[in-house]
Amino acid sequence: MERKLKLIWDFKGPAAGKTAQHHEIHLKEYIEIQKLSLKITGYQDFSDMHSIAYMVVTDSEMKSVRDALKPHRGQLYEE
């Protein structure tokens, strides 16, 4: 079984929450267009000034997605 990696985009400032929510829409569109194997996305608010959007990819898909979408960071995904 392949590792799952969580690719993360950070958003800061007063519009961070809305921006992260909107970014997740585009991540879902990308997953459908590219026919990626996992369909796990989300967003999370840490404060009024910091939110993230994320998508989970397999190890084998990570490099192509990373190069195309340029996430700010990544980590192992644990369910």
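Buried, in this tour, means under 20% relative accessible area and exposed means over 50%, with partly exposed in between. The model on screen is a predicted one, and the stops below go from the helix to the sheet and then to single residues.

**Stop 1: helix H1**

Select residues 16-34, which make up helix H1, a run of 19 residues reaching 26 Å from the first C-alpha to the last, close to the 27 Å expected at 1.5 Å a residue. Now colour Ala16, Gly17, Ala20, Glu24, Leu27, Tyr30 and Ile31, the buried residues of H1. Turn the view until you look down the axis of H1: these buried residues fall within an arc of 120 degrees, and therefore line one face of the helix. Behind this pattern is a general property of the α-helix, which has 3.6 residues a turn, so that residues three or four places apart point the same way.

Which exposed residues are carried by the face of H1 turned away from its buried side? Select Lys18 and Ile33 to see them there, both exposed. On the buried side, the residues of H1 pack against E1, E2, E3 and helix H2 (59-69).

**Stop 2: the loop after H1**

Step just past the end of H1 to Lys35, where phi takes a positive value of about 55 degrees. Lys35 belongs to the loop between H1 and E2, and it counts as exposed because its relative accessibility is 69%. As background for this stop, most residues other than glycine have a negative phi. A second place to inspect is Lys70, which is not a glycine either and has a positive phi of about 50 degrees. Lys70 sits in the loop between H2 and E4, and with a relative accessibility of 57% it also counts as exposed.

**Stop 3: the sheet**

Show the strands as a cartoon and hide the side chains. What you see is an open sheet of 4 strands in the order E2-E3-E1-E4, with antiparallel pairing. At the edges are E2 and strand E4 (73-76), each of which pairs on one side only, and the twist from one strand to the next averages 25 degrees. H1 packs on this sheet, touching E1, E2 and E3, and its direction makes about 15 degrees with that of E3. The other helix, H2, lies across E1 and E3 and runs at about 135 degrees to E3.

**Stop 4: strand E3 and its neighbours**

Select residues 50-58, strand E3, in which 9 of 9 residues are buried. If you display the side chains, His50, Ile52, Tyr54, Val56 and Thr58 point one way, whereas Ser51, Ala53, Met55 and Val57 point the other way.

Add strand E1 (residues 4-12), which runs antiparallel to E3 and is joined to it by 9 bridges; one position to check is Lys6, which stands opposite Val56. Then add strand E2 (residues 40-47), also antiparallel to E3, with 7 bridges joining the two. Here Tyr43 stands opposite Ala53, and Gln44 has Ile52 as its bridge partner. E2 and E3 form a hairpin, with 2 residues between them.

**Stop 5: Ser51**

Centre the view on Ser51 in strand E3, a residue that is buried, with a relative accessible area of 1%. Which side chain makes a polar contact with the side chain of Ser51 at 2.6 Å? The partner is Asp45. The side chain of Ser51 also reaches the backbone nitrogen of Gly17, at 3.4 Å. Leaving aside residues up to four places away in sequence, Ser51 touches Trp9, Asp10, Phe11, Ala16, Gly17, Ala20, Gln44, Asp45 and Phe46. For a distance across the fold, pick the C-alpha atoms of Ser51 and Lys18, which are separated by 8.7 Å although the two residues are 33 apart along the chain.

**Stop 6: Asp10**

Finish at Asp10 in strand E1, which counts as buried because its relative accessibility is 18%, the cut-off being under 20%. The side chains of Asp10 and His50 are joined by a polar contact of 2.9 Å. Beyond residues up to four places away in sequence, Asp10 touches His50, Ser51, Ile52, His72 and Arg73, so selecting these five together with Asp10 shows its surroundings.

Technical notes
Residues numbered from 1 in each chain as written. Predicted model: local features only at pLDDT ≥ 70, side-chain atom pairs only at ≥ 80, totals over all residues. Heavy atoms only, no water. Buried < 20%, exposed > 50% of the residue type's maximum accessible area, 1.4 Å probe, protein only. Pairing = 2+ DSSP bridges. Expected span 1.5 Å × (residues − 1). Arc of directions from axis to C-beta. Contact = heavy atoms within 4.5 Å. Polar contact = N/O pair within 3.5 Å; in protein donor to acceptor, adjacent residues only side chain to side chain. Axes fitted to C-alpha atoms, helices over the stretch in contact; angles between N-to-C directions.
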